[in-house]
Amino acid sequence: MSARDRPKPPGPAATATVDQVDTSYLESLIGYNARRAALAVIEVFMERMAPYDLRVVDFSVLSLVTHNPGITSRQLCTALGILPPNLVAMVNSLEKRELIARKPHPRDGRAMGLHLTASGSKLMRDAEHTAATLEAEVASRLSASETKTLLRLLQKIYL
C-alpha cells in the first residue's frame with residue numbers, strides 16, 4: 001500500500017472538543033474534595049504564615065508544643081504522623097531559631113520535653129491569631145453547625 005493509499009488520520013474537524021469540563025466523577029470522591037478544600041486553605045495559610053517564617057508543619061509542631069508543654073518528640077510524631085528522622089531536623093531548626101527549648105522530661109530520664117521560649121510564645125500567639133482569622137474567613141461560607149459537622153466528618157476519616 002503506497003502512502004497515497006493509506007487512510008489519512010482524522011483532521012482537526014474530527015478531533016473531540018470539550019466545551020464544558022465534566023468533573024462529576026472526581027467530585028464524587030472524598031479524597032478529591034478533601035484535597036481541593038485543603039489546597040484552597042493551605043495556599044492562603046502559607047501566605048499568611050510567611051511573615052512568621054513558618055511552614056504548615058512547623059506551625060503544627062509549634063501549636064502542639066504551645067498547647068502541650070513538655071511534649072516529647074515521640075508524642076509529636078504520633079500526633080502528626082511524622083517520621084522521627086523528619087522531626088529531628090525540624091526540632092533542631094526551631095531550637096536554632098530560639099522558638100523552642102528542650103528540657104529533661106520529669107518522668108522519663110531518656111526523653112526530652114519540648115517547651116516554647118518567650119519568643120516562641122509571642123510568635124505563636126500572633127501566628128495562631130492569624131490562623132484563627134483565616135479559619136473564620138473560610139468558615140464564613142458555612143453555618144456554625146455545618147462547620148462543626150464538617151470537622152467531625154473529616155476527623156472520622158483520619159482518626
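# A tour of the predicted model

The largest share of a nonpolar patch, four residues, comes from helix H7, so select residues 144-158 to begin. This is a predicted model.

**Stop 1: the surface patch.** Keep H7 in view and add the side chains of Ile30, Leu142, Leu150, Leu154, Ile157, Tyr158 and Leu159. Together they form the nonpolar patch on the surface, with about 760 Å² of accessible area. Now pick out Ile157, which is found in helix H7. Is Ile157 buried or exposed? With a relative accessible area of 55%, Ile157 is exposed, because the cut-off for that class is over 50%.

**Stop 2: an aromatic pair.** Next, look for paired rings. The model has one aromatic pair by the distance rule applied here. Select Phe45 and Phe59: their ring centres are 5.1 Å apart and their planes stand at 80°, so the pair is edge-to-face. Widen the selection to helix H2 (residues 30-49), which holds Phe45, and helix H3 (residues 56-67), which holds Phe59. The pair therefore ties together parts that are 14 residues apart in sequence. Check the surroundings of each ring in turn. Phe45 is buried, with a relative accessible area of 12%. Phe59 also counts as buried, at 12% relative accessibility.

**Stop 3: the loop between H2 and H3.** Move to Asp53, which lies in the loop between H2 and H3. What is the phi of Asp53? Its phi is positive, about 55°, although Asp53 is not a glycine. The residue counts as exposed, at 53% relative accessibility.

**Stop 4: another loop.** Select Glu98, in the loop between helix H5 (84-96) and strand E2 (100-104). Glu98 is not a glycine, yet has a positive phi of about 60°. Glu98 is exposed, with a relative accessible area of 54%.

**Stop 5: the sheet.** From Glu98, go on to strand E2, which follows the loop just visited. Which strands make up the open sheet, and in what order? Three strands form it, in the order E1-E3-E2, and the pairing is antiparallel. Strand E1 (71-72) and E2 are the edge strands, each pairing on one side only. Select E1 together with strand E3 (residues 112-116): these two pair in the antiparallel sense over two bridges. To end the tour, show Ile71 and Leu114; Leu114, in E3, is the bridge partner of Ile71.

Technical notes
Residues numbered from 1 in each chain as written. Predicted model: local features only at pLDDT ≥ 70, side-chain atom pairs only at ≥ 80, totals over all residues. Heavy atoms only, no water. Patch = residues over 30% accessible without salt bridge, like charges linked within 9 Å, V, L, I, M, F, W, Y side chains within 5 Å. Areas by Shrake-Rupley, 256 points an atom, 1.4 Å probe, with all protein chains shown as cover. Salt bridge = Lys/Arg side-chain N within 4 Å of Asp/Glu carboxyl O. Buried < 20%, exposed > 50% of the residue type's maximum accessible area, 1.4 Å probe, protein only. Phe/Tyr/Trp six-rings, centres within 6.5 Å; stacked < 30°, edge-to-face > 60°. Pairing = 2+ DSSP bridges.
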